[in-house]
Amino acid sequence: MSRARVTIPGNHLLPTLLGPADRHLRLLEAAFPQTGIHARGNEVTVTGPEAQSVARVLEELITLVRQGHPVDSRSVVHVIDLVAADESPSEVLSDEVLRHARGTAVRPRSRGQKAYVDAIRSATVTFAIGPAGTGKTWLAVASGIAALQAREVERIILTRPAVEAGERLGFLPGDVAAKVDPYLRPLYDALHDMLDLQGVQRLLEQEVVEVAPLAFMRGRTLNRSFIILDEAQNTTPQQMKMFLTRIGFGSQAVITGDVTQVDVAGGRSGLDGLETLLAGIEGVRFVYLSSRDVVRHPIVTDIVNAYDKASSETGGEPVRGR
């Protein structure tokens with residue numbers, strides 16, 4: 001039987017590592033049911049066929065705590081998943097994309113998100129495809145702000161198609177800006193999460209940050225820009241071609257989408273077959289995120305998994321009520 005021992009350097013780390021009422025140890029026991037975990041003083045003894053994996057999880061958690069990372073139940077689950085995938089949690093979770101207005105760091109929270117951030121840093125055009133809650137828009141906006149602060153680009157352009165999600169809103173009052181604003185609200189939300197109110201208003205007034213519907217991109221050439229196309233599954237193939245051909249010199253584009261939530265008329269999405277079409281083009285990367293990369297409330301992961309299961313059982317057809 002395999003056996004491992006982990007020494008926790010300093011009693012002050014124990015409450016964070018073990019969790020309230022040893023909650024984190026219970027998570028480890030649930031993840032490795034054939035392994036015995038016993039904490040005594042500042043030593044944890046592990047016995048069983050997966051003792052080395054459990055010891056590595058504990059060592060990675062110690063590294064994260066010593067680096068100043070908050071450790072909660074969610075992050076313990078992320079560390080377990082990363083170790084199971086033979087990844088280094090301390091490397092993934094320590095990658096800082098941006099430190100926003102409240103002093104909190106924006107970091108990838110899973111290996112899928114880390115691959116996404118790395119792709120943005122290395123590619124000219126990055127496609128991020130995955131379900132709700134996987135941080136597609138959040139990390140794209142954070143990367144854009146980081147590029148702007150580093151003077152790698154001169155402006156950020158945020159755009160998305162103005163497609164209603166299965167509803168008919170009718171005629172909206174106001175000018176063009178007032179009519180399209182509801183569609184662009186998620187992009188404003190991401191900006192406000194990372195910059196203070198005055199900072200967002202200043203950047204918008206100076207047109208350093210532009211938020212506009214996709215239709216406003218036609219005929220433009222966007223140089224020295226960080227361009228984010230959100231909800232790309234709701235573009236038509238013609239709109240996607242139009243958008244991709246707007247990219248100018250010194251620019252970078254990030255396209256996010258969820259192929260399970262296509263609301264475009266006719267159901268033909270601009271993301272369909274795109275990876276095959278663009279295969280072999282240097283500077284284009286595709287990253288696929290899954291329920292394992294969901295960082296919203298844990299119930300979102302369960303909901304995504306339930307829809308994925310139902311979709312697979314119906315051969316990809318939409319889930320309908322009884």
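# Exercises on a predicted model

The protein exposes about 16,900 Å², and carbon and sulfur atoms supply 50% of that area. The model is predicted.

## Exercise 1. The chain as a whole

Task: State how many helices and strands the protein has, what share of its residues is buried, and what share of the contacts between residues at least 6 apart joins residues at least 24 apart.

Solution.
Step 1. The secondary structure comes to 12 helices and 11 strands.
Step 2. Of the 322 residues in the protein, 46% are buried.
Step 3. Take the contacts between residues at least 6 apart in sequence: 70% of them join residues at least 24 apart.

## Exercise 2. An aromatic pair

Task: Find how many aromatic pairs the model has, classify the geometry of F127 and F286, and decide whether each ring residue is buried or exposed.

Solution.
Step 1. Two numbers are needed, since a pair of aromatic rings is described by the distance of the centres and the angle of the planes.
Step 2. Ring centres must lie within 6.5 Å to pair, and planes under 30 degrees apart count as stacked.
Step 3. The count comes to one aromatic pair. The ring centres of F127 and F286 are 4.4 Å apart and the planes lie at 5°, so this pair is stacked.
Step 4. F127 belongs to strand β6 (residues 125-129) and F286 to strand β11 (residues 284-288); the pair links distant parts of the chain, 159 residues apart.
Step 5. Buried means under 20% relative accessible area. F127 has a relative accessible area of 0%, so F127 is buried. F286 is at 17%, so F286 also counts as buried.

## Exercise 3. Two helix crossings

Task: Describe the packing of α2 with α4 and of α6 with α7, giving the crossing angle, the handedness and the residues in contact.

Solution.
Step 1. Two packed helices are described by the angle between their axes and the distance between the axes.
Step 2. For helix α2 (residues 23-31) and helix α4 (residues 73-84), the axes come within 10 Å and cross at roughly 35°. The crossing of α2 past α4 is right-handed.
Step 3. On the α2 side the contact is made by R23, H24, L27, L28 and A31, and on the α4 side by S73, V76, V77 and I80. By class, these residues of α2 and α4 are six nonpolar, two polar and one charged.
Step 4. For helix α6 (residues 111-122) and helix α7 (residues 136-149), the axes come within 11 Å and cross at roughly 35°. The α6 and α7 crossing is right-handed.
Step 5. Here α6 contributes Q113, Y116, V117 and I120, while α7 contributes K136, L139, A140 and S143. The contact of α6 with α7 has five nonpolar, two polar and one charged residues.

## Exercise 4. Positive phi

Task: For A21 and R224, give the phi angle, the place in the chain and the exposure.

Solution.
Step 1. The sign matters for the exercise because most residues other than glycine have a negative phi.
Step 2. A21 is not a glycine, yet its phi is positive, near 55°. A21 sits in the loop between α1 (14-18) and α2.
Step 3. Exposed means over 50% relative accessible area. A21 has 77%, so A21 is exposed.
Step 4. R224, also not a glycine, has a positive phi of about 50°. R224 is in the loop between β8 (209-213) and β9 (225-229).
Step 5. With a relative accessible area of 31%, R224 is partly exposed.

## Exercise 5. Three acidic residues

Task: Place D95, E29 and D189 in the secondary structure, class the exposure of each, and give one C-alpha distance for each.

Solution.
Step 1. D95 lies in the loop between α5 (89-92) and β4 (98-99). Its relative accessibility is 11%, so D95 counts as buried.
Step 2. P108 is 13 residues from D95 in sequence and 6.8 Å away, C-alpha to C-alpha. Neighbours within four places aside, D95 is in contact with V106, R107, P108, K114, V117, D118 and R121.
Step 3. E29 is in helix α2. At 27% relative accessibility, E29 is partly exposed.
Step 4. The C-alpha atoms of E29 and V54 are 9.0 Å apart, with their positions 25 residues apart in sequence.
Step 5. D189 is part of helix α8 (residues 176-194). D189 has 40% relative accessibility and counts as partly exposed.
Step 6. D189 and W138 are 51 residues apart along the chain, and their C-alpha atoms are separated by 9.4 Å.

How values were computed. Residues are numbered from 1 along each chain as its sequence is written. This is a predicted model: local features need pLDDT of at least 70, side-chain atom pairs count only at pLDDT 80 or more; totals for chains, interfaces and linings use all residues. Side-chain values use heavy atoms; hydrogens and water are left out. Rings of Phe, Tyr and Trp (its six-membered ring) pair if their centres lie within 6.5 Å; planes under 30 degrees apart count as stacked, over 60 as edge-to-face and the rest as tilted. Helices (H or I, at least four residues) and strands (E, at least two) are DSSP runs, numbered from the N terminus. Buried means under 20% relative accessible area, exposed over 50%, partly exposed in between (1.4 Å probe, protein chains only). Axes are lines fitted to C-alpha atoms, for helices over the stretch in contact, and angles run from 0 to 180 degrees between N-to-C directions. A crossing is left-handed if the near helix is turned anticlockwise from the far one by less than a right angle, and right-handed if clockwise. Contact means heavy atoms within 4.5 Å. Ala, Val, Leu, Ile, Met, Phe, Trp, Tyr, Cys and Pro count as nonpolar, Asp, Glu, Lys and Arg as charged, and the others, Gly among them, as polar. Accessible areas come from the Shrake-Rupley method with a 1.4 Å probe; for residues, only the protein chains shown count as cover.
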